[in-house]
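Subject: Structure for you to look at

Hi there,

I am passing a structure on to you, with the sequence alongside. Please open it first, and then read my notes below.

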Amino acid sequence: MFYTYILYSETLDKYYIGSCENIQKRLNDHLNGRSTFTKTAKDWVLKYFENFQTRPEAVRRELEIKKKKSRKYIEYLLCNSSFE
């Protein structure tokens, strides 16, 4: 299983969109500074994810969300998910 996920940092008031195979390991990577973009904050929280059968599907969805360049779209996804 592969995932497209959205993290949020209250400190930075920013979202981060990514994809991975092991979502818990990847979140730990973000929290421990192993990612260039997310190392500036230590309070990343998993807010949303979608699962896919293949890595290309997860990456395609990640890019689809990123290409929108829209915080409103991200917040729309969060509000309409049953994640939290």
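Here is what I found, going from the overall fold to a helix pair and then to a pocket.

Please keep in mind that this is a predicted model. The chain holds 3 helices and 3 strands, and from the N terminus onwards their order is β-β-α-β-α-α. Its radius of gyration is 12 Å, close to the 12 Å that the globule rule gives for 84 residues, so the chain is as compact as a globular protein of that length. Along the principal axes, the C-alpha atoms fill a box of roughly 30 × 25 × 25 Å.

Now for the helix pair. Helix 2 covers residues 55-68 and helix 3 covers residues 71-79. Their axes come within 7 Å and cross at roughly 130 degrees, which means that helix 2 is oblique to helix 3. On the helix 2 side, the residues in contact are Arg61, Ile65 and Lys68; on the helix 3 side, they are Tyr73, Ile74 and Leu77. Sorted by class, this contact has 4 nonpolar and 2 charged residues, with no polar ones.

The other feature to look at is the largest pocket, with a volume of about 150 Å³. Which element gives the most to the lining of the largest pocket? That is strand 2, with 4 residues. Strand 2 spans 14-20, and both this strand and helix 3 supply at least two residues of the lining. To find the pocket on screen, select Lys14, Tyr15, Tyr16, Ile17, Phe37, Lys66, Ser70, Arg71 and Ile74, which line it. By class, the lining divides into 5 nonpolar, 1 polar and 3 charged residues. Ile74 turns up twice here: it lines the pocket and also takes part in the contact between helix 2 and helix 3.

Happy viewing, and best wishes!

Note on methods: Residues numbered from 1 in each chain as written. Predicted model: local features only at pLDDT ≥ 70, side-chain atom pairs only at ≥ 80, totals over all residues. Heavy atoms only, no water. Axes fitted to C-alpha atoms, helices over the stretch in contact; angles between N-to-C directions. Parallel < 35°, antiparallel > 145°, perpendicular 65-115°, else oblique. Contact = heavy atoms within 4.5 Å. Nonpolar A, V, L, I, M, F, W, Y, C, P; charged D, E, K, R; others polar. 1 Å grid on protein atoms, 1.4 Å probe; cavity = no way out; pocket = protein on both sides within 12 Å on 5 of 7 lines; lining within 4 Å. Points joined across faces, edges and corners; volume = space filled by probe spheres on them. Rg over C-alpha atoms; globule rule 2.2 N^0.38 Å.
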